[in-house]
Amino acid sequence: MIEDKSPQRTSIAQLGEFGLIDHLTSNFTISQPSTVKGIGDDAAVLDFKDKKVVISTDLLIEGVHFDLAYMPLKHLGYKAVVVNISDICAMNAKATQITVSIAVSNRFPLEALDELFAGISLAANEYKVDVIGGDTTSSQKGLIISITAIGEADENEIVYRNGAKQTDLLVVSGDIGSAYMGLQVLEREKQVFQVNPNSQPDLDAYTYIIERQLKPEARKDVRTLLHALEIKPTSMIDISDGLSSEIMHLCKQSGVGCNLYEDKLPLDPQLINVCEEFNIDSTTVAINGGEDYELLFTIAIDDFDKIKGNPNFTIIGHMTKESEGIHLITRADTKIPLKARGWNAISE
């Protein structure tokens with residue numbers, strides 16, 4: 001589906017490992033005061049002084065986490081950074097540095113890696129994180145990307161998954177489900193293309209949900225928004241594997257139950273229209289979809305007045321006693337046990 005309009009193909013082998021590293025990292029600059037030494041030595045050197053350091057890492061594998069039939073390499077580079085920064089945001093911390101490691105097969109020319117790293121550089125600039133190191137190696141099959149994100153926060157700012165209390169409110173940023181339906185549209189168009197390579201997809205009606213899939217954004221603004229509201233979440237997680245899965249993580253680690261209300265789920269109008277087109281239930285998509293990279297968190301019920309009506313957040317439920325279990329309260333006021341049907345990272 002994605003036409004390679006550049007006939008130039010420079011073999012990576014011509015540069016060698018160190019030449020490749022120099023080429024790909026020549027445009028990265030240092031902006032964080034905590035970065036003492038970045039790329040160019042045996043290890044990076046960081047100085048966070050009196051801050052606590054938070055670290056998260058993710059692995060993206062071609063054919064498992066992304067499909068280059070419809071994922072442009074520049075978008076892939078950007079998304080690879082964002083999904084890691086999202087984990088730092090979910091700790092109520094500020095991302096400051098990343099490392100980037102790739103394994104690549106000989107089917108990728110240098111120009112392809114330039115596109116990938118253009119996306120990485122764009123995300124690094126957008127989120128003001130320093131690229132401080134990584135590794136490059138060969139792959140026998142496809143492309144593998146591993147990014148580690150590093151962040152900082154005061155000790156009293158960090159939010160874990162295990163702090164939710166029985167009467168806390170369950171809140172989510174933004175809207176959910178759109179990334180999953182964006183993927184369904186892209187998969188459908190891929191199948192059409194495989195049958196008829198001359199077909200050109202018309203995606204104008206799906207721009208928002210496709211962007212949510214191909215170019216998600218980490219909610220770095222939530223930390224600032226909550227600080228301005230004088231709210232500190234009691235627990236928090238990002239929505240990467242699906243809302244139902246993330247709720248269960250919070251409940252399990254906090255020792256609580258939860259009631260999630262179907263009529264409170266924030267759904268974008270484009271998502272609702274596309275669900276109707278695909279004959280898929282929008283609630284099922286919102287609960288199980290994943291890859292929205294919104295933040296799901298709990299707050300004390302005393303903070304209700306501070307957050308109600310805020311356009312950035314939606315209260316979607318409340319926590320209960322652990323013995324009451326985890327349920328979806330439907331629009332018909334039926335109580336259904338909530339099950340985790342989101343992404344399983346080790347499924348066969």
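This report describes a four-stranded sheet, the helix across it, two annotated residues and one buried glutamate in a predicted model.

Residues are numbered from 1 along each chain as its sequence is written, and side-chain values use heavy atoms, with hydrogens and water left out. Because the model is predicted, local features need pLDDT of at least 70 and side-chain atom pairs count only at pLDDT 80 or more, whereas totals for chains, interfaces and linings use all residues.

**Sheet and helix**

The open sheet has four strands in the order S3-S6-S4-S5, with mixed pairing. Strand S3 (52-61) and strand S5 (130-138) form the edges, each pairing on one side only. On average, neighbouring strands of this sheet are turned by 15° against each other, direction ignored. Helices (H or I, at least four residues) and strands (E, at least two) are DSSP runs numbered from the N terminus, and two strands pair if DSSP finds at least two bridges between them. Axes are lines fitted to C-alpha atoms, for helices over the stretch in contact, and angles run from 0 to 180 degrees between N-to-C directions.

Strand S4 (residues 94-104) pairs with strand S6 (residues 144-153) in the antiparallel sense over nine bridges. Within this arrangement, Lys-94 stands opposite Glu-152 in S6. Helix H2 (residues 73-89) lies across S3, S4 and S6 and runs at about 35° to S6.

**Annotated positions**

An unreviewed UniProt entry gives the annotation "binding site" for Asp-58 and Asp-87; its positions are given in the numbering used here, feature names are shortened, and annotations may be inferred rather than shown by experiment. These residues span 30 residues in sequence, yet no two of their C-alpha atoms are more than 9.5 Å apart, so they gather at one spot. Asp-58 is placed in strand S3, and Asp-87 is in helix H2.

The table lists contacts (heavy atoms within 4.5 Å), leaving aside residues up to four places away in sequence.

| Residue | Contacts |
|---|---|
| Asp-58 | Val-83, Asn-84, Asp-87, Ile-145, Ser-146, Ile-147 |
| Asp-87 | Ser-56, Asp-58, Asp-238 |
| Glu-246 | Ile-237, Asp-238, Ile-239, Ser-240, Asp-241, Leu-296 |

With a relative accessible area of 28%, Asp-58 is partly exposed; buried means under 20%, exposed over 50%, and partly exposed in between (1.4 Å probe, protein chains only).

**Glu-246**

Glu-246 lies in helix H7 (residues 243-254) and counts as buried because its relative accessibility is 2%. The side chain of Glu-246 reaches the backbone nitrogen of Asp-241 at 2.7 Å. Glu-246 and Phe-297 are 51 residues apart along the chain, with their C-alpha atoms separated by 9.8 Å.

Terms used. Polar contact = N/O pair within 3.5 Å; in protein donor to acceptor, adjacent residues only side chain to side chain.
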